[in-house]
Amino acid sequence: MTTTSFSSDAVFDVIIEGGHVIDPASGLDEPADVAVRDGRIAAIAKASDGGLSAIDAARRINAAGKLVCPGLIDIHVHVFEYVTNFGVAADDAGVGVGATTIVDAGSSGPWTFGGFKHFVIDKASTDVRAFVSINGAGALMGGMKGDILHSPDMTDAAALLAVIGRHPDEIRGIKCHGESGALSHWGTKVLASAAEAGRAAQVPLYVHTGELFPVIEASRPSPRSVLEQVLPLLKEGDILAHIYSNMPDGIVGEDEKTPSFIRQALDKGVHFDIGYGINFSYRIARMLMAEGIYPYTISSDAHGDFSSYHDNSKLNYSLPGAMSRLLALGMPLVEVIRATTVHPAAAIGLSDDIGRLAVGRRADISILELREEPWRLLDGRFNKLNVDSRLIPWLTLRAGVAHQPRPAMMPDLLDASLPDIWRVA
């Protein structure tokens, strides 16, 4: 990275120059310079129009050879660190991997959101929002004890609506579950309560798919019946997580062809999110992508080990890693960027301020390197994908303030000490 200092009475605080700007919202996809002043985007000038080389700035960032994009938005992370056993640090999952805005997916509930706001949202450099859990306490122990923590007795819709009313900016939706464990215990009772609350509060549901909670075998639903029970409860704008999950009761599961309810969900206006996590399947991704079924949003599901406490040693994926996998599988680069900028901003109702590069918008900017070299990326079942390039964060500006990437949270992309299984022969 090259920077140059100018006088304190410069016209702009920062000029990012020489980069290739990709802003799907405006259609800009060419070399351009971007200027920042007072935490907002102050000017954008195409290189073909002369750029901003003649304009003074307190700091110039030479982004030659890099991609300059709206700040990436990750709508599925778990960052209630130390309260949930699997929470990671918000800025590690945010600005440290190139994401300027992240959404915690259900780690807090209406009884614990106050602590989440005080200890996470208010202290992070990253813009942290929340999908608050339908259950009162939040996740606490991941999928463990889910039959207790997420039962109807722990559901408090009145408290949920009250906390959304008190914190409408921070709470952008409701986290709930549509999977075999929940259905085997109490059917769709909790999901229906979440759907009712979502309609009352006019916020989206973010619905986990794929077996997570302990299952009562005597009442286990058939894998294909799970989503058939879930879908009727959803409204336009609700989000189904883990579209390419390999779990048998997931959106595709073990089917060899696309289930009909996927098209039904799309026709209804329901969105699909990657929620990359531990169950992403190359087989399912290839099958659905071949039919033109791409994720509306790409998210990481970044979290620590469910079975340990504050242990990130098994984390082997990242948001830019998920983007790199989809790029390698054939999703066009501009659509990968759209699914991490424009679409998530719309999904959480923040399109007026983030998700695009435009004068007056918040200066949330992700500068990425498209590194051209052989590499190996794994899916949730350790199937290997050899790639020729990958997207790596180079610098992140959050409201105009620069943050360096943190390689420890991107082991799939950067860690030179990875086991041989990750390496290209």
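This is a short chat about how to read a predicted protein model.

Reader: Where do I start? How many helices and strands are in the protein?

Author: Start with the parts list. Here you can find 13 helices and 16 strands. Just keep in mind that the model is predicted.

Reader: Okay, and what radius of gyration does the protein have?

Author: The idea is to set the value beside what a compact globule with that many residues would have. For 425 residues that would be near 22 Å, and the protein has 21 Å, so the two agree. If you'd rather picture a box, the C-alpha atoms fill one of roughly 70 × 50 × 40 Å along the principal axes.

Reader: How many of the residues count as buried?

Author: A residue is called buried when its relative accessible area is under 20%. By that cut-off, 60% of the 425 residues are buried. As for the outside, the accessible surface comes to about 15800 Å², and carbon and sulfur atoms account for 51% of it.

Reader: Which residues have the most contacts inside the largest nonpolar core?

Author: Val-79, Tyr-244 and Ile-298 do, in a core of 87 residues. Helix H9, residues 282-290, gives the most to this core, with 6 residues. There's also a second, separate core of 18 residues, with Ile-41, Val-68, Ala-363 and Leu-397 among them.

Reader: What does Ile-298 touch?

Author: Skip residues up to four places away in sequence, and you still get a good list, including Ile-73, Asp-273, Leu-319, Met-323 and Val-336. You can look at contacts across the whole protein too: among those between residues at least 6 apart in sequence, 76% join residues at least 24 apart.

Reader: Let's try single residues. Is Ser-324 buried or exposed?

Author: Ser-324 has a relative accessible area of 0%, so it's buried. You'll find Ser-324 in helix H10, residues 319-328. Leaving aside neighbours within four places in sequence, Ser-324 is in contact with Leu-377, Arg-390, Leu-391 and Leu-413.

Reader: And where is Asn-316 found?

Author: Look in the loop between H9 and H10. Asn-316 has 25% relative accessibility, so it counts as partly exposed. Try a distance as well: Asn-316 and Arg-283 are 33 residues apart in sequence, and their C-alpha atoms are 19 Å apart in space.

Reader: Last one: how many positive and negative charges does the protein have?

Author: Count each kind, then compare their mean positions. There are 37 positive and 51 negative charges, and their mean positions are 1 Å apart.

Terms used
Residues are numbered from 1 along each chain as its sequence is written. This is a predicted model: local features need pLDDT of at least 70, side-chain atom pairs count only at pLDDT 80 or more; totals for chains, interfaces and linings use all residues. Side-chain values use heavy atoms; hydrogens and water are left out. Helices (H or I, at least four residues) and strands (E, at least two) are DSSP runs, numbered from the N terminus. The radius of gyration is taken over C-alpha atoms; the globule rule is 2.2 Å times the number of residues to the power 0.38. Buried means under 20% relative accessible area, exposed over 50%, partly exposed in between (1.4 Å probe, protein chains only). Contact means heavy atoms within 4.5 Å. Accessible areas come from the Shrake-Rupley method with a 1.4 Å probe; for residues, only the protein chains shown count as cover. Lys and Arg count as positive and Asp and Glu as negative; His and the chain ends are not counted. The place of a charge is taken as NZ of Lys, CZ of Arg, CG of Asp or CD of Glu. A nonpolar core is a set of buried Ala, Val, Leu, Ile, Met, Phe, Trp, Tyr and Cys residues joined through side-chain atoms within 4.5 Å.
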